[in-house]
Amino acid sequence: MRVFLLTLHVLAAVFVIGPLVYFPMNGLRGIRTGDVDAVRSAARQTFLYSLLSLLVFGLGAAVIAASTKITFGTAWLTISMTLYVVAFAITLALLVPALRHAVTLMEASHTDLEKDETEVRTRSKLDSVRGRAAASAGVVALLFVVITILMVVKPFGPS
């Protein structure tokens, strides 16, 4: 049963975490090129895959529960789970709202009649939001890289 759960966990990680890291980059490209639909789609997909990542977490917890070698107290697992919670929180609290705010700003700039002054302010706000989204996406990607390394190397205790 443990091998089956581990296989599901790895497959879910590949097919859920991969897109979770990819879609924000798509949104950043959309902000840069002015493609509102791409940013809207990226915000929606990032939110969806962040929720689906709970499945990966749950399957990982099931693998631990089915294992005789490792426990929830194993150091590399505790660190990995903590990093996942941080990545999940950053995604939902910073990244998705930043992408959604970018959509709002981009839509407002398309409907504004006073283009000159308003466009400069909107562009400045959009650059700020893009920076926030880029930083959040980068940190989340880095956290998942560290989690992957911890899962493969299994330092600090039994594997």
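Visitor: Which pattern does the chain follow when read along the sequence?

Guide: Along the sequence, the pattern is α-α-α-α. The model is a predicted one, and its chain holds four helices and zero strands.

Visitor: What radius of gyration does the chain have, set against that of a compact globule?

Guide: For 159 residues, a compact globule would have a radius of gyration near 15 Å, whereas the chain has 19 Å. The C-alpha trace spans about 65 × 25 × 20 Å along its principal axes.

Visitor: How should one read the packing of helix α1 and α2?

Guide: Two packed helices are described by the angle between their axes and by the distance between those axes. Here α1 (residues 2-33) packs with α2 at an angle of about 160°, the axes being 8 Å apart. Helix α1 is therefore roughly antiparallel to α2, since angles over 145 degrees count as such. The crossing of α1 with α2 is left-handed. In this contact, 23 residues are nonpolar, nine are polar and one is charged.

Visitor: What span should helix α2 have, at 1.5 Å a residue?

Guide: Helix α2 comprises 31 residues (36-66), so the expected span is 45 Å; the end C-alpha atoms lie 45 Å apart, in agreement.

Visitor: Which side-chain oxygen reaches a backbone nitrogen at the start of α2?

Guide: A side-chain oxygen of Asp35 comes to within 3.3 Å of the backbone nitrogen of Asp37 there.

Notes
Residues numbered from 1 in each chain as written. Predicted model: local features only at pLDDT ≥ 70, side-chain atom pairs only at ≥ 80, totals over all residues. Heavy atoms only, no water. Helix = DSSP H or I, 4+ residues; strand = E, 2+ residues; numbered from the N terminus. Expected span 1.5 Å × (residues − 1). Polar contact = N/O pair within 3.5 Å; in protein donor to acceptor, adjacent residues only side chain to side chain. Axes fitted to C-alpha atoms, helices over the stretch in contact; angles between N-to-C directions. Parallel < 35°, antiparallel > 145°, perpendicular 65-115°, else oblique. Left-handed = near helix turned anticlockwise from the far one by under 90°. Nonpolar A, V, L, I, M, F, W, Y, C, P; charged D, E, K, R; others polar. Rg over C-alpha atoms; globule rule 2.2 N^0.38 Å.
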